[in-house]
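Me: I am new to this structure. Please take a close look at one part for me, the place where chain B meets chain A.

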Amino acid sequence: MKIVILAKPVPDATGQERLGPDLRLDRAAIPPVINGNDEYVLEAALRLRDAGAEVSVTLLAMAGAFGPDALRKGLAMGADNAYLVSDPALAGSDARTTARVLAAALAKLEFDLVLAGVDSSDGASGVVAAALASLSGLPYLSYATSITPDGDKVRIKRFSSTGYDVLEAPMPALVTGMQALGEPRYPTLRGIMGARSKTITTWALADLGIDPATVGADAAASRVSTFSIPDARSAARVVRDPAPEAAKQIVDFLIERRAI
Amino acid sequence: MPGTLWAIAEAGPDGHLTKLSAEVATLVRGLGAAAGRDVAGLVTGTPGAVAAVAAELAAYLPRVVALEAAAAATSPIAQLAAQGAVQAIGADPDASIFIGNSPDGRDTAGFLMAALGVGVISNAGGVAWNGGPVAEKGVFGGRLITTSSFADGHGIVTVPLGSVPAEEAASAGVVETITLAGAAPTVTVLERVSEAAGAVQIEEAKIIVSGGRGVGGPDGFALVGLLAETLGGAVAASRAAVDAGWIPYARQVGQTGKIVKPEVYIALGISGAVQHKVGMQGAHTIVAVNTDPDAPIAEFADLFVVGNLFEVVPALVAELESRKA
Ligand SMILES: Cc1cc2nc3c(=O)[nH]c(=O)nc-3n(C[C@H](O)[C@H](O)[C@H](O)COP(=O)(O)OP(=O)(O)OC[C@H]3O[C@@H](n4cnc5c(N)ncnc54)[C@H](O)[C@@H]3O)c2cc1C
Ligand SMILES: Cc1cc2nc3c(=O)[nH]c(=O)nc-3n(C[C@H](O)[C@H](O)[C@H](O)COP(=O)(O)OP(=O)(O)OC[C@H]3O[C@@H](n4cnc5c(N)ncnc54)[C@H](O)[C@@H]3O)c2cc1C
């Protein structure tokens, strides 16, 4: 079985993210990692292989010059190879363009399953995968907490607010997943060494037949005009009294705030 | 009239309009008044169920389209809702579409983005009007607020919980019913499993009592549950507690869980990591109980109790009971 993982390089969420002078995320300032949710679906794919299935795992990303650093980690976890769509014209692309570019890249790959995260930790729109499934004509199964290929079909448990739904579709299909799939593995030293010899193929827009004028910041549907820093909450009232007295103060406080 | 503003609504697991949908409908009605544009709502469901939700939605909007989709019984709703929106909106290239950013809402927005070829401004916690929607959104865990707008004045906006308080219109709107056209989708729902039927949804709760690693285990969560029950609230958790298997994922608050905006959020044994903070910083009042006076949550709580939750919570339950009496 051939699985493609959509692996978005994102800044490590350490609280240092900032906007550049162009009001876009300054991606050069922070080391990139693979988006957390994308690591969960990668882990799910690797577990299928661990369980004895014959599985090839390919990473696909659209990113700038920092892309390979993030992809190496996915290769070290156990992915076999990676494709990186990278072109200066893509900088500042929005979710709509991202879906279109990823669809063009997918059209060049062979796969039974495409796995993506439910959302990214930076842009976090959570709309790219559904749009991509639609553009690529793939059945779309989202918010998976388990992923089970079975013959020429795939079955997932989809998270719902009261439990889960069991969904099924014919493959090839696109599935999105998240944390509930299970903790991703750390790369082993052998994995890290092995990743150095795995290939990352880079595609420019010309390789995908996409006109550079239709992508990037100028083609984005929306613009950020200003930013501000939200008002900080005022400092907390601190209670250090023993429990019975502390309990009284909590209730008084809640009443004072008209909360109860 | 061209340039209609649409609210795409959904029903919750109880079959009623979700709080988020009611807020989005209220937001759209306000924007319509500010912009001098027509407003309308759309809700999708099975022929048997959709009329009741459409009637609830019509309390907020002058015009509601109820989309009957027989396939909703056996297929995920988002793709149907998006197809239905294309059908209902018709030839109105200036329409803007507002959708709550629930899982189904985000899926619907993604399908619509592809179908209509328009852009999405995601997670817009505040929306004003200036020739088109002008959206404010918190980014990087809420450390910054950006203001953005569509280059050509229209598009899809996804809206988180708590953008505006839900408020019904002075008079109820009219409901028209349409039937979904087009092929049935290829994804089938084999089974719907309910694990927490009847439990208060954390997105809907006014009071949330949330436990973290400091709660120590399932027994500790019984204590969290007791306080929630005493206050008439819902139980939630940090990721550490979910990862430990003490409580289901549906209760997780934070970046990879749910974003909640209750009146009161009581954090018990939760350190306040940035990924947790993004899920609950919109709470009106935050109370934290933590043994560590330097826990990061002290920086954004309103009341910070330095203490052992296993002592403070029973005392708090007793105090609440005695004042009720
Ligand atoms: C703070 C901030 C706010 C933004 N707001 C908006 C906005 O309102 N509207 C908008 O259109 N754009 C926005 N963007 C830009 C947006 O992040 C990019 O367009 C991005 O390429 C795709 O959107 P996303 O990150 O929201 O993807 P999501 O839809 O959240 O991603 C879902 C999944 O799709 C896959 N995926 C997404 N992007 C890639 C990629 N480049 N390579 C490989 N796989 C990928 C991953 O599997 C990911 O888990 C914003 C960016 C930032 C940093
Ligand atoms: C990509 C990513 C996404 C994430 N998403 C989320 C998310 O959605 N939600 C989330 O919550 N986290 C998320 N996290 C994890 C987050 O970083 C923290 O690890 C997590 O929130 C910690 O949970 P905690 O506060 O319960 O545990 P800890 O950080 O271990 O804190 C436990 C606290 O309990 C206190 N304590 C211990 N005993 C007692 C006692 N008897 N009485 C009172 N206090 C006591 C301790 O002093 C401590 O402050 C994410 C992390 C990553 C990397």
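Reply: Here is a walk through that interface, followed by a short look at the chains beside it.

This is a predicted model, in which local features need pLDDT of at least 70, side-chain atom pairs count only at pLDDT 80 or more, and totals for chains, interfaces and linings use all residues. Residues are numbered from 1 along each chain as its sequence is written, chains are lettered from A and ligands numbered from 1 in the order in which they are written, and side-chain values use heavy atoms, with hydrogens and water left out.

Start with the size. The size of an interface is often given as the accessible area lost when the parts come together. Between chain B and chain A, about 6,600 Å² is buried. That is accessible area (1.4 Å probe) lost on putting the two parts together, summed over both. Carbon and sulfur atoms give 59% of it. In contact (heavy atoms within 4.5 Å) are 76 residues from chain B and 80 residues from chain A.

Next, the polar links. Eight salt bridges are counted between chain B and chain A. A salt bridge here is a side-chain nitrogen of Lys or Arg within 4 Å of a carboxyl oxygen of Asp or Glu. Arg158(A) and Asp104(B) form a salt bridge, with their closest N and O atoms 2.9 Å apart. Eight elements of chain B are worth finding on screen: H4 (103–116), S5 (120–121), S8 (144–150), S11 (188–194), H6 (239–243), S15 (285–290), S16 (303–306) and H8 (309–324) each supply at least two residues of the side that touches chain A. Helices (H or I, at least four residues) and strands (E, at least two) are DSSP runs, numbered from the N terminus. H4(B) gives the largest share, nine residues. By type, that side of chain B divides into 41 nonpolar, 20 polar and 15 charged residues. Nonpolar means Ala, Val, Leu, Ile, Met, Phe, Trp, Tyr, Cys and Pro; charged means Asp, Glu, Lys and Arg; the others, Gly among them, are polar.

Strands also meet across the interface. S8(B) runs antiparallel to S12 (residues 222–228) of chain A, and six bridges join them. Strands pair if DSSP finds at least two bridges between them. Arg223(A) has Ser149(B) as its bridge partner in S8(B).

Now step back to chain B itself. Its secondary structure comes to eight helices and 16 strands. Its C-alpha atoms fill a box of roughly 60 × 45 × 40 Å along the principal axes.
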